[in-house]
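Here are some friendly notes to read with the model open beside you. They go through strand pairing, the core, one proline and the salt bridges.

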Amino acid sequence: FGLYSGMVLGYGTSTYLTPLPPSLESEPEPVSAERFAPSPGDLATEQSSDSTLHYTLHVQLDEDRHELRGNLQLNYVNTSPDTLEQVLFHLWPNAYSGRHTELNKQLVRQQNRKLHFAREDERGWMDSLQFSDRAGPLDWEQRDAAGEICAVHLREPLPPGGAIELSTPFRVGIPSSDISRLGHSGNQYQITQWYPKPAVYQSGI
């Protein structure tokens with residue numbers, strides 16, 4: 001499969017993916033998110049940061065299987081007053097995995113049963129996760145039945161103001177675009193909330 005252009009630059013935003021010219025099918029180079037403007041000549045690489053996170057994403061699209069395969073590198077800073085023993089991640093594509101998800105329950109309440117009756121090849125998912133820090137693999141676990149949230153157990157507690165580098169590969173099955181915002185229709189893709197996304201920590205919750 002080849003490299004494709006596209007970028008997600010914030011919560012709730014979408015991007016459309018189109019094939020790159022064969023001459024650009026090589027290892028993607030990081031691109032500054034502050035000056036990035038998607039175009040057919042850009043590689044599918046994102047580098048972004050805010051006050052608590054700095055992350056780099058490399059991703060490829062397999063248009064035959066309708067899958068994304070990528071790698072996330074994250075520098076996580078604990079800006080809370082609490083010492084953290086784990087970091088939670090949202091795995092949003094798993095919301096499209098079947099009837100048991102909160103997304104399907106919400107859609108059914110809205111009289112939308114496209115996910116409820118979707119075939120397996122029309123559903124979405126995320127797998128192939130293997131979280132690591134600089135010292136090696138970390139233990140992690142799903143925190144809900146649908147696998148929409150996971151907890152990564154840190155090797156050592158992370159004190160307030162402390163930082164840690166985390167990484168993981170991931171693979172995403174892209175659902176039918178008939179269901180919701182993440183999806184494909186043939187080889188046209190609308191991509192949103194597609195990578196393991198750190199949850200916002202709130203003290204005492």
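1. Two strands pair if DSSP finds at least two bridges between them. With that in mind, look at S5 and S10 in this predicted model: the two strands run antiparallel and are joined by 6 bridges. One register point to check on screen is Gln-86, whose bridge partner in S10 is His-153.

2. S10 also pairs with strand S9, residues 140-142, again in the antiparallel sense, over 3 bridges. Here Trp-140 has Val-152 as its bridge partner in S10. The hairpin of S9 and S10 has 6 residues between the strands, and in it Gly-147 takes a positive phi near 75 degrees. If you plot the backbone torsions, please mark that glycine.

3. Next, the interior. The largest nonpolar core has 38 residues, and Leu-68, Tyr-76, Phe-89, Phe-170 and Trp-194 are those with the most contacts inside it. Two or more residues each come from strands S3 (53-62), S4 (67-77), S5 (84-90), S10 (149-158), S11 (163-173) and S13 (188-191), and from helix H1 (102-109). S3 gives the largest share, 5 residues. As background, nonpolar side chains tend to be buried together in soluble globular proteins.

4. Which residues does Phe-89 touch, not counting those up to four places away in sequence? Its list includes Leu-72 and Leu-74, then Phe-131, and a run made up of Glu-148, Ile-149 and Cys-150. Val-152 and Leu-166 are touched as well, together with Pro-196, Lys-197, Pro-198 and Ala-199. Val-152 is worth a second look, being also the S10 bridge partner of Trp-140.

5. Pro-175 deserves its own point. This proline lies in the loop between S11 and strand S12 (183-185), yet Pro-175 counts as buried because its relative accessible area is 0%, and the cut-off is under 20%. Leaving aside neighbours within four places in sequence, Pro-175 is in contact with Tyr-96, Glu-122, Arg-123, Gly-124, Leu-182, Gly-183 and His-184. The C-alpha atoms of Pro-175 and Pro-93 are separated by 8.4 Å, although the two prolines are 82 residues apart along the chain.

6. Now the charged pairs. How many salt bridges does a search of the whole structure find? The search finds 10. One of them joins the side chains of Glu-122 and Arg-119, at 3.2 Å from N to O. Glu-122, which is also in contact with Pro-175, is partly exposed, with a relative accessible area of 23%.

7. Glu-67 has two partners to inspect. Its salt bridge with Arg-69 has the closest N and O atoms 3.3 Å apart, and its salt bridge with Arg-171 has them 3.6 Å apart. The second pair links distant parts of the chain, with Glu-67 in strand S4 and Arg-171 in strand S11, 104 residues apart.

8. Is Glu-67 buried or exposed? Glu-67 is buried, at a relative accessible area of 6%, whereas Arg-69 is partly exposed at 28%. Arg-171 is likewise partly exposed, at 27% relative accessibility. Salt bridges that share partners join Asp-62, Arg-65, Glu-67, Arg-69, Asp-127 and Arg-171 into one network. I would suggest viewing that group as a whole.

Technical notes: Residues numbered from 1 in each chain as written. Predicted model: local features only at pLDDT ≥ 70, side-chain atom pairs only at ≥ 80, totals over all residues. Heavy atoms only, no water. Core = buried A, V, L, I, M, F, W, Y, C linked by side-chain atoms within 4.5 Å. Buried < 20%, exposed > 50% of the residue type's maximum accessible area, 1.4 Å probe, protein only. Helix = DSSP H or I, 4+ residues; strand = E, 2+ residues; numbered from the N terminus. Contact = heavy atoms within 4.5 Å. Salt bridge = Lys/Arg side-chain N within 4 Å of Asp/Glu carboxyl O.
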